[in-house]
Amino acid sequence: QVQLVESGGGLVQAGGSLRLSCAASGRTFSSYAMGWFRQAPGKEREFVAYIHWSGDNVRIADSVKGRFTISRDNAKNMVYLQMNSLKPEDTATYYCARHAGSFSGSYFYLVESNYDSWGQGTQVTVSS
């Protein structure tokens, strides 16, 4: 079982930037795709971004497209979420997760049950 630890959250003004990091334990990190999800108070958890193990297949939610980017460094067992032009509606707890499930279907990366390990989350608060 892999352990995932997120960091980099905090309080930022609208229009600002943050970079979230996710550190993964274990020697098989580079074999797995990874994702970022978020959950705002009173709302369901939603997909934010996905990156294939090789880094050459990326998916970004429409709500953050053009503002957020996902990347990874397999040598360091790290995955990142760069968040620019932040808006108050981006306020949420952000989670990284390891994709270990099916790649079937066009939207496999959206399916939470395809992710088998989750971090504890890091809080992002965007003030207006």
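User: Why is Y107 called exposed?

Analyst: This is a predicted model, and the values are computed from it. Y107 has a relative accessible area of 57%. Exposed means over 50%, so Y107 counts as exposed. Y107 is found in the loop between strand 9 and strand 10 (115-118).

User: What makes Y107, L110 and V111 a nonpolar patch?

Analyst: Nonpolar side chains are joined into a patch within 5 Å, if each residue has over 30% relative accessible area and no salt bridge. Y107, L110 and V111 form such a patch on the surface. Together they have about 290 Å² of accessible area.

User: Where does S102 lie, and why is S102 called partly exposed?

Analyst: S102 lies in the loop between strand 9 and strand 10. Its relative accessible area is 33%. Partly exposed lies between the 20% and 50% cut-offs, so S102 is partly exposed. S102 and Y115 are 13 residues apart in sequence and 9.2 Å apart in space, C-alpha to C-alpha.

User: How do you know that C22 and C96 form a disulfide?

Analyst: Their sulfur atoms are 2.0 Å apart. The cut-off is within 2.5 Å, so the pair C22 and C96 counts as a disulfide. The structure holds one disulfide.

User: Why is the disulfide of C22 and C96 called right-handed?

Analyst: The torsion about the S-S bond is about 50°, so the disulfide is right-handed.

User: What does the pair C22 and C96 tie together, and are both buried or exposed?

Analyst: C22 lies in strand 3 (residues 18-24) and C96 in strand 9 (residues 92-99). The disulfide therefore ties together parts that are 74 residues apart in sequence. Both C22 and C96 are buried.

User: How do you know that strand 1 and strand 3 pair?

Analyst: At least two bridges are needed for pairing. Strand 1 and strand 3 have four, in the antiparallel sense. S7 stands opposite S21 in strand 3.

User: Which side chains of strand 1 (residues 4-7) are buried?

Analyst: The side chains alternate along the strand. L4 and E6 point to one face and are buried. V5 and S7 point to the other face and are not buried.

User: What makes R38 and D90 a salt bridge?

Analyst: Side chains of opposite charge can pair when their charged atoms come close. The closest N and O atoms of R38 and D90 are 2.9 Å apart. The cut-off is within 4 Å, so R38 and D90 count as a salt bridge. R38 lies in strand 4 (residues 33-39) and D90 in the loop between strand 8 (78-83) and strand 9, so the pair ties together parts that are 52 residues apart in sequence.

User: Why do R38 and D90 count as buried?

Analyst: Buried means under 20%. R38 is at 6% relative accessibility, so R38 counts as buried. D90 is at 1%, so D90 counts as buried too.

User: What is the distance between R67 and D90, and which network do their salt bridges join?

Analyst: The closest N and O atoms of R67 and D90 are 2.7 Å apart, and the two form a salt bridge. Salt bridges that share partners join R38, E46, R67 and D90 into one network. R67 is buried, and so is D90.

User: How many salt bridges are there, and how do you know that R45 and E112 form one?

Analyst: The count comes to six salt bridges. The closest N and O atoms of R45 and E112 are 3.0 Å apart. That is within 4 Å, so R45 and E112 qualify. The pair links distant parts of the chain, 67 residues apart. R45 is partly exposed, at 27%, and E112 is partly exposed, at 28%.

User: Which residues touch the most other members of the largest nonpolar core?

Analyst: In soluble globular proteins, nonpolar side chains tend to be buried together. The largest nonpolar core has 36 residues, and W36, L81, M83 and Y94 touch the most other members. The largest share, five residues, comes from strand 5.

User: What is the phi of N77, and why does N77 count as buried?

Analyst: Most residues other than glycine have a negative phi. N77 has a positive phi of about 55° although it is not a glycine. At 16% relative accessibility, N77 is under the 20% cut-off and therefore counts as buried.

Notes. Residues are numbered from 1 along each chain as its sequence is written. This is a predicted model: local features need pLDDT of at least 70, side-chain atom pairs count only at pLDDT 80 or more; totals for chains, interfaces and linings use all residues. Side-chain values use heavy atoms; hydrogens and water are left out. Helices (H or I, at least four residues) and strands (E, at least two) are DSSP runs, numbered from the N terminus. Buried means under 20% relative accessible area, exposed over 50%, partly exposed in between (1.4 Å probe, protein chains only). Patches are made of residues with over 30% relative accessible area and no salt bridge: like charges are joined within 9 Å, nonpolar side chains (Val, Leu, Ile, Met, Phe, Trp, Tyr) within 5 Å. Accessible areas come from the Shrake-Rupley method with a 1.4 Å probe; for residues, only the protein chains shown count as cover. A salt bridge is a side-chain nitrogen of Lys or Arg within 4 Å of a carboxyl oxygen of Asp or Glu. A nonpolar core is a set of buried Ala, Val, Leu, Ile, Met, Phe, Trp, Tyr and Cys residues joined through side-chain atoms within 4.5 Å.
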